[in-house]
Amino acid sequence: MEAWPDDFRCPITLEVMTDPVILPSGHTFERRSIQRWLDGGHLTCPVTNLPLPPSPPLIPNHALRRLISAVAPVAAAAPVPSEGGDARGRRREAAPAVAHQSSPSSPVQALLRLAKSGAAGRREVLESGNAAVLLRHAAAGDEAAARAVLLLTLDGDDTRVGLVADGAVDALSAAVRRGGAAAALAATALTSLATVDVNKCTIGAHPSVIPELVGLLRRGGQRERREASTALYELCKLPENRRRAVREGVAPPLADFAGDGSARAVEVLGLLAKCREGRQELCKIPGMVEVLSGVVKSGNPRAIEQAVLVLNWICSESNGLALEAIKLGVFQLCENLVNDDNCKIAKNAVELARTLETA
């Protein structure tokens with residue numbers, strides 16, 4: 001049997017998909033398989049067993065279909081790691097960041113100037129089919145091409161959905177893997193694309209995007225880490241993407257970035273803590289309580305709100321972490337926050353104080 005990644009296989013038939021579609025639950029299936037499931041009177045997602053809305057829409061997963069088609073000729077020759085052991089540790093090392101910039105007279109620079117000129121120029125790029133040229137160069141790490149693609153994503157939801165259908169996710173994922181300035185721009189473009197709910201499903205379900213963003217968060221500079229965190233924040237608004245990010249090991253590098261003062265990283269931690277898998281991973285990170293208590297002491301209001309919330313969740317999960325929080329003076333911090341002008345901070349502080357009182 002050919003060695004295909006599990007994400008290429010339908011969860012129902014375990015066969016490689018040819019027409020993948022996404023359910024509202026966020027999981028992808030072969031269209032014929034899930035349609036038979038629904039036609040059989042089933043009202044739940046086959047993977048999560050959670051109820052589905054009546055006549056649930058089946059959203060084409062264009063990015064995954066393109067990736068399957070691209071990998072098909074070499075799949076048998078490139079076996080993927082088995083699930084046993086640490087798959088993340090065996091992931092292919094990221095290509096070193098190489099400065100890749102087109103010359104001022106190149107077609108990419110001309111397209112960038114057109115995209116910068118305004119909505120009419122961006123429409124011309126799209127209608128001429130030259131978005132494909134930009135995507136190809138962006139995938140190779142061309143900073144100008146990545147910037148032009150980012151500009152194209154600013155022209156409304158229809159354009160964002162169309163770019164995803166045209167293969168933007170594959171190209172941007174490749175750009176993120178290369179690192180450097182093009183990676184930061186590609187991550188920002190992914191954030192823009194993911195503001196559309198249907199794209200959150202498609203982008204999150206892509207086998208490479210979340211792993212590459214996590215990799216950029218680990219190895220990138222300040223700008224790259226910031227843009228990777230923002231893309232993950234937008235994607236993790238979808239519950240299934242939170243679980244995907246946790247499985248890819250996003251929690252430790254996010255905690256490191258939060259410790260370095262990133263408010264956005266704290267916000268992503270707040271989303272991860274909404275799922276049980278996320279809370280469990282956060283509880284395992286050494287120094288997590290110290291990082292969050294530091295944010296409570298000196299963060300901005302949004303970061304404080306999320307840090308107190310996450311502290312409450314993990315202290316509810318672990319009595320040991322609750323005792324650690326008390327030793328670090330978190331209870332006293334809560335006492336100072338219960339009368340905060342920000343009602344969300346005050347509410348979260350009250351709930352955390354109650355949790356600590358029962359430790």
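Here is a short exchange about what the labels on this predicted model rest on.

Visitor: What is the make-up of the protein chain in helices and strands?
Guide: The chain has 22 helices and 3 strands. Buried residues account for 50% of its 359 residues.

Visitor: Why is Arg-122 said to form a salt bridge with Asp-155?
Guide: Their closest N and O atoms are 2.9 Å apart. The cut-off is within 4 Å, so the pair qualifies. It links distant parts of the chain, 33 residues apart. Arg-122 sits in helix α5, and Asp-155 in the loop between α7 and α8.

Visitor: What makes Arg-122 buried?
Guide: Its relative accessible area is 14%. Buried means under 20%, so Arg-122 is buried.

Visitor: Is Asp-155 buried, partly exposed or exposed?
Guide: Asp-155 has a relative accessible area of 25%. That falls between the 20% and 50% limits, so Asp-155 is partly exposed.

Visitor: How do you know that Glu-143 and Arg-147 form a salt bridge?
Guide: The closest N and O atoms are 3.4 Å apart. The limit is 4 Å, so the pair counts. Both residues belong to helix α7; because they are 4 residues apart, about one helical turn separates them. Glu-143, at 24% relative accessibility, is partly exposed. Arg-147, at 30%, is partly exposed too.

Visitor: What ties the loop between α15 and α16 to helix α13?
Guide: A salt bridge between the side chains of Asp-260 and Arg-225, at 3.2 Å from N to O. Asp-260 lies in that loop and Arg-225 in α13, so the pair ties together parts 35 residues apart in sequence.

Visitor: Why is Asp-260 called exposed?
Guide: Its relative accessibility is 52%. Exposed means over 50%, so Asp-260 passes. Its partner Arg-225 is buried, with a relative accessible area of 13%.

Visitor: Which residues do shared salt-bridge partners join into one network?
Guide: Asp-197, Lys-200, Glu-234 and Lys-237. The structure holds 20 salt bridges.

Visitor: Why does Arg-242 have no salt bridge?
Guide: The nearest side chain of opposite charge is Glu-277, 9.1 Å away. A salt bridge needs a distance within 4 Å, so this pair fails. Arg-242 is nevertheless buried. Its place is in helix α14. Beyond its sequence neighbours within four places, Arg-242 is in contact with Cys-236, Lys-237, Leu-271, Leu-272, Lys-274 and Cys-275.

Visitor: Which members of the largest nonpolar core touch the most other members?
Guide: Leu-134, Leu-213, Leu-272, Leu-282 and Ile-314, out of 90 residues. A second, separate core of 13 residues includes Ile-34, Leu-38, Cys-45 and Ile-68.

Visitor: What does Leu-134 contact, leaving aside neighbours within four places in sequence?
Guide: Val-108, Leu-111, Val-125, Ala-145, Ala-148, Val-149 and Leu-152. In soluble globular proteins, nonpolar side chains tend to be buried together.

Visitor: Which residues of helix α15 are buried?
Guide: Ala-251, Pro-253, Leu-254, Ala-255, Phe-257 and Ala-258. The buried residues of α15 pack against α12, α13, α16, α17 and α18. Just after α15, Gly-261 takes a positive phi of about 105 degrees.

Visitor: How much area does the protein chain expose?
Guide: About 16400 Å², with carbon and sulfur atoms supplying 52% of it.

Methods: Residues numbered from 1 in each chain as written. Predicted model: local features only at pLDDT ≥ 70, side-chain atom pairs only at ≥ 80, totals over all residues. Heavy atoms only, no water. Core = buried A, V, L, I, M, F, W, Y, C linked by side-chain atoms within 4.5 Å. Buried < 20%, exposed > 50% of the residue type's maximum accessible area, 1.4 Å probe, protein only. Contact = heavy atoms within 4.5 Å. Helix = DSSP H or I, 4+ residues; strand = E, 2+ residues; numbered from the N terminus. Lys, Arg positive; Asp, Glu negative; His and termini not counted. Areas by Shrake-Rupley, 256 points an atom, 1.4 Å probe, with all protein chains shown as cover.
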